[in-house]
Amino acid sequence: MLKALLFDLDGTLADTDPIHRVIWREVLQPYGYEVDEAFYQQHISGRLNENIVKDLLPQLYPDQEPQFSADKEARFREMAGHQLRPVTGLMPLLTWGQQQQLAMAVVTNAPRANAEFMLQTLALTDTFNPVILAGELPLGKPDPLPYREALRQLNLHPEEAVVFEDSTSGICSAVGAGITTIGIATTHAPDKLYAVGATLVVPDFTDERLRQFGLL
């Protein structure tokens with residue numbers, strides 16, 4: 001029996017990757033990187049900033065990494081303030097979930113400041129409980145731990161939840177936790193999401209195929 005809907009944040013609740021891609025291009029260009037869409041999907045999409053910076057900028061001193069990430073995310077919040085829009089169909093799905101008395105949670109690799117900013121901007125601060133911040137756990141996505149932590153806090157079994165995710169790392173995390181996972185194809189092509197375990201991939205939350213999971 002379905003008891004909870006679990007959502008990623010970036011690329012799932014709002015299509016933020018175009019903004020992130022522009023900023024990563026800006027901050028990595030001085031280091032010789034050309035951040036096109038393929039580079040972004042391979043090296044950045046869905047990953048923790050800490051791991052991105054360690055992989056791409058090993059020349060930074062350890063005490064420089066947090067400030068680099070903080071500056072990048074401050075730039076994101078500055079740019080995104082007037083651009084954030086929910087993915088099509090999200091709000092009706094959330095209303096339906098509330099009517100069905102389903103638990104709803106966010107599980108994200110985003111830092112706390114970004115998560116709070118995005119949920120406030122989208123007027124969703126009171127919609128999700130808990131909000132799992134993978135960066136504050138021992139391991140982030142693609143490890144299953146963030147989704148296992150959501151299940152633990154909600155006191156649910158994996159078969160009682162459905163996850164919505166847009167990135168390959170997020171789908172690996174959710175599938176690794178044993179949860180049925182629906183891909184949202186805002187960031188990656190559907191075949192990429194199916195390849196890492198998505199049960200279904202849809203362009204947005206209006207897709208009629210969601211009804212086969214008892215949604216909407």
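1. In this predicted model, the bridge partner of Phe7 in β2 is Val106. Strand β1, residues 4–7, and strand β2, residues 103–108, run parallel and are joined by four bridges. Within that pairing, Leu6 stands opposite Ala105.

2. On β4 (residues 161–165), β1 again pairs in the parallel sense, over four bridges. Here Leu5 of β1 faces Val162 as its opposite residue. β1 is thus a partner of β2 and also of β4.

3. Side chains in a regular strand alternate between the two faces of the sheet. In β1, Ala4 and Leu6 point one way, Leu5 and Phe7 point the other way, and all of them are buried.

4. β2 is mostly covered, with five of its six residues buried. Besides β1, β2 has strand β3 (residues 131–133) as a parallel partner, through three bridges. In that pairing Thr108 has Leu133 as its bridge partner in β3.

5. The largest nonpolar core has 36 residues, and the members touching the most others are Leu5, Phe7, Leu13, Phe128 and Phe164. A second core, separate from this one, has 15 residues, including Ile132, Leu151, Leu156 and Ala161.

6. Leu5 deserves its own entry. Leaving aside residues up to four places away in sequence, Leu5 touches Leu93, Trp96, Leu102, Ala103, Met104, Ala105, Val162, Phe164 and Leu215. Val162 in this list is also the residue opposite Leu5 in β4.

7. Two packed helices are described by the angle between their axes and the distance between the axes. For α4 and α6 (residues 112–121), the angle is about 10° and the axes lie 10 Å apart. Because angles under 35 degrees count as roughly parallel, α4 is roughly parallel to α6.

8. The contact between these helices involves Glu73, Phe76, Arg77 and Ala80 of α4, which meet Ala113, Asn114, Phe117 and Met118 of α6. By class, the residues of this contact are five nonpolar, one polar and two charged.

9. Gln83 lies in the loop between α4 (65–80) and α5 (90–99). Since its relative accessibility is 45%, Gln83 counts as partly exposed. Gln83 and Val196 are 113 residues apart along the chain, and their C-alpha atoms are separated by 30 Å.

Definitions and conventions:
Residues numbered from 1 in each chain as written. Predicted model: local features only at pLDDT ≥ 70, side-chain atom pairs only at ≥ 80, totals over all residues. Heavy atoms only, no water. Core = buried A, V, L, I, M, F, W, Y, C linked by side-chain atoms within 4.5 Å. Buried < 20%, exposed > 50% of the residue type's maximum accessible area, 1.4 Å probe, protein only. Contact = heavy atoms within 4.5 Å. Helix = DSSP H or I, 4+ residues; strand = E, 2+ residues; numbered from the N terminus. Pairing = 2+ DSSP bridges. Axes fitted to C-alpha atoms, helices over the stretch in contact; angles between N-to-C directions. Parallel < 35°, antiparallel > 145°, perpendicular 65-115°, else oblique. Nonpolar A, V, L, I, M, F, W, Y, C, P; charged D, E, K, R; others polar.
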